[in-house]
Amino acid sequence: MLQVALVLAPTSLAAQMAGLRTERLATNVYAMVRTTRVGDPSDANTLVIINDADVVVVDGNITPRSTRAVIAEIRKLTRKPVRYVIITHWHSDHYTGNIEYRRAWPTVEFVAPRNTRDDILTNDVPGFRRLVTEEYPDEIKRLQSVLARGVTASGAALTAEERTRTTSGIAAMRYFIEEASTFDLIPPPLTFDDSLVLHRGERVIVVRFLGAGNTRGDVVVHLPRERVLATGDLVVSPVPFAFGSFPFAWVATLDRLRQIPADVILPGHGEPMRAWNYVDQLHDLLCATTQRVVAAGGRSVPLDTLFARVSLEDLSLRFAGGVAWIPRVMRGTYIRPAIEGAYGELDATPVPTVPATCQTSSR
């Protein structure tokens, strides 16, 4: 899944490590917000919960270097040790830097749903190694050839922007290859199926699996007393991610998410939210995706036909709110992968149907 981090070619390698901001969400509850620019590699937000005797962290980061930056911020807030790191799902940018927590606090435990552990072992560990030993080196050679020729695959001359984007993309891939030598991927040894409640002194931390969505094992973390909710990549802003997703199930999962009493929502990527408007907008987008895939023929037609028939541009423009780059970016991060995900779901038994809330919602 590390390739997802580079779907948008970075504008500069230095920018990847910049843009980490600490924001207080409640008493002794902080968000480590990644404010990387569009076009820089993706990295996850982190929730830091300081308890009576220890710290619980929700989601790690994409590299050891990135994780060390978060650990440095935690140490500015408290001398208490990190006791648990909760992993919301299996995508690399939420856990591959976790070796740094083990180095900083040897007794730390990593916790995740059972499906997430399975996906890390079967998908991410072999995929990660293949990426940095084969796919990235091959892609670097291809891009170097593009730069040397000065033309795109279609034969058009490279623009200055394309040349900059290609050059920084090469630098970012080299960076990840180098960082990979310091990785020690840690599959979480503590797993659960549906829910887990941590009692850390006076603090109650509820971890819940609500259903498939962005992955088959997404969990959310809720602090009921503080009314703070971390969603992982079930919610990502300002553009959603849908790589390998389950849009039919995702609608129902968001319906359950919407019932959790929370005043502050920390998405997997993007700014903390203090209202549900964006989640409702994402719900509408998923509804439209499932409805239009079914109306366009579903599994009765090839996937390429669905790509041609299903348009979500009107909704991407609604997400954009006048920001020019959002519709372009959403084609890669959401539209194509979501159509593909819905297509895959329709091969299941029983065949999923458009969720009832899509028919009755007034959102």
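Just after helix H4, Gly150 takes a positive phi of about 75 degrees, in what is a predicted model. Helix H4 itself, spanning residues 114–149, bends by about 50 degrees at Leu131. The points below turn from this helix to the strands around S3, and then to the contacts made by aromatic rings.

**Strand S3 and its neighbours**

- Strand S3 covers residues 46–50, and since five of its five residues are buried, the strand is largely enclosed by the rest of the structure.
- The burial of S3 extends to both of its faces, with Thr46, Val48 and Ile50 buried on one side and Leu47 and Ile49 buried on the other.
- Strand S2, made up of residues 29–34, runs antiparallel to S3 and is joined to it by four bridges; within this pairing, Val29 has Ile49 of S3 as its bridge partner, and Ile49 is itself one of the buried residues of S3.
- Strand S4, made up of residues 55–58, is likewise antiparallel to S3 and connected to it by four bridges, and here Ile50 has Val55 of S4 as its bridge partner.
- The connection from S3 to S4 is a hairpin that passes through four residues.

**Aromatic pairs**

- Three aromatic pairs are found when the whole structure is searched, and two of them are described here.
- The ring centres of Phe241 and Phe243 lie 5.9 Å apart with their planes at 50 degrees, and the pair is therefore tilted, given that planes from 30 to 60 degrees apart fall between stacked and edge-to-face.
- Phe241 and Phe243 are both buried.
- The ring centres of Tyr278 and Phe319 are 5.5 Å apart and their planes stand at 85 degrees, so this pair counts as edge-to-face, a class that requires an angle over 60 degrees.
- Because Tyr278 belongs to helix H7 (residues 277–295) and Phe319 to helix H9 (residues 313–320), the pair ties together parts that are 41 residues apart in sequence.
- Tyr278 is buried, as is Phe319.

**Arginines over aromatic rings**

- Arg75 is placed over the face of Trp105, at a distance of 4.9 Å from the ring centre.
- Arg83 has its charged end over the ring of Tyr84, 4.8 Å from the centre of that ring.

Note on methods:
Residues are numbered from 1 along each chain as its sequence is written. This is a predicted model: local features need pLDDT of at least 70, side-chain atom pairs count only at pLDDT 80 or more; totals for chains, interfaces and linings use all residues. Side-chain values use heavy atoms; hydrogens and water are left out. The bend at a residue is the angle between axes fitted to the seven residues ending there and the seven starting there. Helices (H or I, at least four residues) and strands (E, at least two) are DSSP runs, numbered from the N terminus. Rings of Phe, Tyr and Trp (its six-membered ring) pair if their centres lie within 6.5 Å; planes under 30 degrees apart count as stacked, over 60 as edge-to-face and the rest as tilted. Buried means under 20% relative accessible area, exposed over 50%, partly exposed in between (1.4 Å probe, protein chains only). A charge sits over a ring if NZ of Lys or CZ of Arg is within 6 Å of the ring centre and within 35 degrees of the ring normal. Two strands pair if DSSP finds at least two bridges between them.
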